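User: Please take a close look at one part of this structure, the nonpolar core and the helices that pack there. I am new to it, so give the terms their cut-offs.

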Amino acid sequence: MDNSGTIDEETTLLPQNSEGRRSPTRLPKAQIAIVLLLQLCEPVVGRSISPYINKLVSGLDIIGGDERKVGYYTGLIQSLFFLTEAIAVMQWSRLSDRIGRKPVLLFGLVGASLSTLLFGLSRTFWTLVISRCLCGLLNGNTGVMGSAMGDLTDSSNRAQAFSFLSMIWATGSSLGPLIGGSFARPHERFPGVFTGQFWVDYPYFLPCVVVASFVGFAFIVALLFLKEPVAIRELLVYRVLISVFNYMTLAFLDIMLGALLPLFLAMLIEIGGLGFEPSTIGYIIGVYGLCNGIFQVLCFAPIVRRFGTRSIFVKGIMSFVLIYALFPVMNVIARHSGVNAIVWSIIILMICFMSFMDMAYGCIFMYVTASSPNKHSLGATNGLSQTSVSLARTLGPAISTSLFALSAERNLLGGYAVYVILGVISCLAVLPAVQLPEQIWEEKNDNDTETTTPTD
């Protein structure tokens, strides 16, 4: 193949060197930057409520003054979001194959912005549920953005592109909680500025406004500058299923951790947590996201090249066991000595483990994208993966937070049964992980739909 072909924003070429191997194709940086901006909106919208959701629910009549029940209802709110997303995401991905990625992405941004504002204006449990369900139904961007990234890359440059995807997700996971924790209850944090009764009645509307404004900015950028990549149809094979199943397993473990961590940080020490304020929770999650983002962009590609994609994915799954084991250790220390330097050191260690674990996302993204039988199948393949992941995320928050509440309420294993159960689940998740091939599948040409075997 001639290496002299022109590479523009819409064309992906696969030049080969003299040994017949693919040389890295130049990334279409402007278009990828726009897709990454849209990707940033996802964790910002999803994670911005983490610092204050437990405080918000604890003030609702539905818990009857019993803070031990907070975990049940916060888990339900988060689970219903992913349930509705699971119902809708496959259809949005299919629609993007027919009408194009751009209109679906733009509609998803509008849905995320409006539902976020509605969440900030909610004053009852059921209006909170409705707003999160609308966010899940209207926002089909998760799968579509994976398809768009696949349209813009090939096997020669995908590791480089997906290292940025992991970094962007980590950045959003940092920025969202920082916004939520910093701007929640502005009448208390900034009494000289937010003096009206409105901010007392709606103490969590300001962070929702900030998040919705950010999403609105992304909408304008995409509307003006995003070009339309092309995809046509769905065609699935076995290698898609093993990749998607592992993606679903990773997401299930991660969403349980994501729901459990802020609950653990917020609950009183005697209930099994650390008793932090929403602002402190926001800073902790924000620091994790910042450190994780830097780690992913600097270390993901070289570490994967050195140790292999499957090896890093398997070790990322295994790290959940260590992470869940740290929760009871922190609470035991806090019960005896308060939240001291040892507890903070363990929090830092947990952040390190979580950053390593997040490399598994970049690895499985590469497996899922490469498993698509051809470029025209990317929309359906990513749609299937995101539908499966959304179903897993539907169950995850309710399971982990309810297990926390149940363990505390009935004093199961001293209140720590939740971590034993999640540790066992993490061990079982290693089994499908080792079924992935050591080498990612070679991509096939657009018109070739036969299955391929892993390369040696």
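Analyst: What follows describes the core and then one helix pair. This is a predicted model, in which local features need pLDDT of at least 70, side-chain atom pairs count only at pLDDT 80 or more, and totals for chains, interfaces and linings use all residues. Residues are numbered from 1 along each chain as its sequence is written, and side-chain values use heavy atoms, with hydrogens and water left out.

A nonpolar core is a set of buried Ala, Val, Leu, Ile, Met, Phe, Trp, Tyr and Cys residues joined through side-chain atoms within 4.5 Å; buried means under 20% relative accessible area (1.4 Å probe, protein chains only). The largest such core has 124 residues, and those touching the most other members are Leu-250, Leu-274, Phe-313, Phe-327 and Ile-364. Helix α11 (residues 238-266) supplies the largest share, 14 residues. Another core, of 5 residues, lies apart from it and includes Trp-199 and Tyr-202.

Leaving aside neighbours within four places in sequence, Leu-274 is in contact (heavy atoms within 4.5 Å) with Phe-264, Leu-265, Met-267, Ile-269, Met-330, Ala-334, Val-339, Val-343 and Ile-347.

Helix α11 also packs with helix α14 (residues 341-357), at an angle of about 155° and with the axes 12 Å apart. The two are therefore roughly antiparallel, a term for angles over 145 degrees; axes are lines fitted to C-alpha atoms over the stretch in contact, and angles run from 0 to 180 degrees between N-to-C directions. Leu-250, Asp-254, Leu-257 and Leu-261 of α11 make the contact with Met-350, Met-354 and Met-357 of α14. Helices here are DSSP runs (H or I, at least four residues), numbered from the N terminus.

Technical notes. Buried means under 20% relative accessible area, exposed over 50%, partly exposed in between (1.4 Å probe, protein chains only). Angles under 35 degrees count as roughly parallel, over 145 as roughly antiparallel, 65 to 115 as roughly perpendicular and the rest as oblique.
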